[in-house]
Each structure stands twice: as structure tokens, then as C-alpha cells.
Amino acid sequence: IVNIPVDTVEFGRIAAGNGKQVIIQGLREAERGQVYDEFNSKQHEILTGVVTRVDPRNGNVSLRIGTGTDSTEALLMAGEQVPGEDLTEGMHVKVYVRRSTRGPQVLISRTHPGLVKRLFELEVPEIYDGTVEVKSIAREAGSRTKMAVWSADENVDPIGACVGPRGQRVNNIVEELKGEKMDIIKWSEDPEAYIAAALAPSDVISVEPLPDGKSCRVVVPDDQLSLAIGKEGQNARLAAKLTGWKIDIKPVSAPSDEEPEDEEDVLLDDGAETEE
């Protein structure tokens, strides 16, 4: 090592400013790298944050995650918030950590289906230890969620385990999600039984798979048609996302050899792949 004394007077004001900026930029990049590595290791997990600021212009919410010197500021974008949810400063909220599709970013979300799955893992020991398995989740944040569960143990009722004594377990989750409705159904290897269960609370008379192997025709009682379709098609849409099948719903009174009318038939795609 050779030490060479340098007279700082030789550096001009611009050169000194540029050197300062380079050092500060390097420190900021190192800090961002540490934060990214920390949150990247917590993907698909739930973190609890405290609301520190709500931007009135765009609705974005700043959260403080952690305590003391280990605390980190995170931004909950307006698009990742539950519609109709009113977040105020000082409120504690649970968020789901997921990877962004736009490069090296980690996002937090309140609308992701994974949030519901993690909340059930916290409330239901049978899901946490693997006795009950969550097969699929379809969610419209702030309104309704459908979840299919299954257990390899014949002595365990998967739906009852999720609901809990007097509905205590599921009620805790509904309270955390500000009243979002929960439909818990039993998963089945038989597509017909699975689709019929997914359309709950509507009764189903028959499920007929179509030749393409990805769609089916469901017959329901006349007085159950609107219930099967749901408000603005929500029930049928969530059932299609949950099962991955296109669902064609018709009343029992509709002639089988005629095309059903628009108000008595709904064909819904399964949409984007359900994320678990």
C-alpha cells in the first residue's frame, strides 16, 4: 500500500460535488439492495405494517414495516388495495409480499389471493401442518372469495376445519378483510362434483361436460338461476376461475335442443390462471 497525500485544494467545486454525488448514489443503491434482498426472501408471506401516510392525490398508502432501526417504508399502491377499504394513519394492516413482473421489484398487496391462503394458514392449524390442503382460490377483493379445500385424512372435515367452532376461524378472516364473503367448498377429483360444489350456494341438477374437455353445461332449477349466476355474473365467474372450466348455465325449463336466450344463459371463461 502506497499512501500519497493529496491536497484537497486541487479539487474544484464541481469535481468535489460530483464525487459527493457518486458516493451518496452508491450508498443508496447498497441500501436498496439490502431492502430488496430482505423482502425477496419473504415472498408469499404476510407482513404487518402501520399506515404512516395516505396520499390524497393517487390513493397510495405508505406503510412502516418492522420496528426501530429495522423498520422499512413500503408503498401499497392504490391498485393493490381492497376496493372500498378506508385506510387511515396509525392503522395496522396485513399485506402479502409478491414479486413484480416488471423487473427486480417486490410488491405488497391486499388483493392477491395468496393473502387469503396465508390468513387461513394462520387461523387453521390443519392447513398449516398440511392435514388440509388448499387446492384453488378465486377472489374478487372486497366482495367474495371462493376457496376449494381437500384432506387426505378421511377423519378430517376440511370445510369444518376452515370454518371452526361456531364459525370463529372464518369470521376472524372475514373481519380482517373488512367483511369480504367467503365460500369454502370441498375439492373433488370428479369435475362434475367439483363444478356443482363451486356454484354454491345455488343448487345444481346436473353437470354435463362438453366434448372439448374444458367447458360444461350446468342445469339448475328455474328459481335458482339468478343465484347460480350471481350479481353481475360474479358467482359463475368465480366458479369458472376456481375450477378452470368454462361454465354454461341454463334453467331446467329451457329446451335442450334450442339455444338458450341471453338472459337465461351465461358462458364464462376461466380467465387468468388462478394464483395460489
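Lys-146 is buried, with a relative accessible area of 0%, and this lysine sits in strand β7. The model is a predicted one. Here's a quick tour that starts from that lysine, moves along β7 to Arg-144, goes on to helix α8, and ends with a loop asparagine and the cysteines. For scale, the protein has 276 residues, 38% of which count as buried, and its fold includes eight helices and twelve strands.

**Lys-146 and its surroundings**
- The side chain of Lys-146 makes a polar contact with the Asp-183 side chain at 3.2 Å.
- A polar atom of the Lys-146 side chain also lies 2.8 Å from the backbone oxygen of Ala-200.
- Setting aside neighbours within four places in sequence, Lys-146 touches Ser-136, Ile-137 and Ala-138, then Asp-183, then Ala-198, Leu-199 and Ala-200, and finally Asn-235, Leu-238, Ala-239 and Leu-242.

**Arg-144, also on β7**
- Strand β7 covers residues 144-151, and Arg-144 is part of it.
- Buried or exposed? Arg-144 comes out as buried, because its relative accessible area is 16% and the cut-off for buried is under 20%.
- Asp-183 turns up again here: its side chain makes a polar contact with the side chain of Arg-144 at 2.7 Å.
- Arg-144 and Lys-181 are 37 residues apart along the chain, yet their C-alpha atoms are separated by 4.6 Å.
- Other than residues up to four places away in sequence, Arg-144 is in touch with Ala-138, Arg-139, Glu-180, Lys-181, Asp-183, Gln-234 and Leu-238.

**Helix α8 and its partner α6**
- Helix α8 spans residues 234-243, and it is largely enclosed by the rest of the structure because eight of its ten residues are buried.
- Those buried α8 residues are Gln-234, Asn-235, Ala-236, Leu-238, Ala-239, Ala-240, Leu-242 and Thr-243.
- Several of them have come up already: Asn-235, Leu-238, Ala-239 and Leu-242 are among the contacts of Lys-146, while Gln-234 and Leu-238 are among those of Arg-144.
- Gly-244 follows α8 and has a positive phi, near 80°.
- Helix α6 (residues 191-198) crosses α8 at roughly 145°, with the two axes coming within 9 Å.
- That crossing of α6 and α8 is right-handed.
- Which residues make the contact? Tyr-194, Ile-195 and Ala-198 do so from α6, and Ala-239, Leu-242 and Thr-243 from α8.
- Sorted by class, the contact of α6 with α8 has five nonpolar residues, one polar and no charged ones.

**Asn-60 in a loop**
- Asn-60 is found in the loop between β1 (46-54) and β2 (61-65).
- Despite the loop position, Asn-60 counts as buried, at 13% relative accessibility.
- The Asn-60 side chain reaches the backbone nitrogen of Ala-78 at 2.9 Å.
- Beyond its neighbours within four places in sequence, Asn-60 contacts Arg-53, Val-54 and Asp-55, plus Leu-75, Leu-76, Met-77, Ala-78 and Gln-81.

**Cysteines**
- Cys-162 is buried, at a relative accessible area of 0%.
- Cys-216 counts as buried too, at 1% relative accessibility.
- How many disulfides are there? A search of the whole structure finds zero.

**The chain as a whole**
- Among contacts between residues at least 6 apart in sequence, 56% join residues at least 24 apart.
- The pairing of Arg-144 with Lys-181, 37 residues apart along the chain, is one of the long-range approaches picked out above.

Notes:
Residues are numbered from 1 along each chain as its sequence is written. This is a predicted model: local features need pLDDT of at least 70, side-chain atom pairs count only at pLDDT 80 or more; totals for chains, interfaces and linings use all residues. Side-chain values use heavy atoms; hydrogens and water are left out. A disulfide is a pair of cysteine sulfur atoms within 2.5 Å. Buried means under 20% relative accessible area, exposed over 50%, partly exposed in between (1.4 Å probe, protein chains only). Helices (H or I, at least four residues) and strands (E, at least two) are DSSP runs, numbered from the N terminus. Axes are lines fitted to C-alpha atoms, for helices over the stretch in contact, and angles run from 0 to 180 degrees between N-to-C directions. A crossing is left-handed if the near helix is turned anticlockwise from the far one by less than a right angle, and right-handed if clockwise. Contact means heavy atoms within 4.5 Å. Ala, Val, Leu, Ile, Met, Phe, Trp, Tyr, Cys and Pro count as nonpolar, Asp, Glu, Lys and Arg as charged, and the others, Gly among them, as polar. A polar contact is a pair of N or O atoms within 3.5 Å; within protein, one must be able to donate a hydrogen and the other to accept it, and residues adjacent in sequence count only if both atoms are side-chain atoms.
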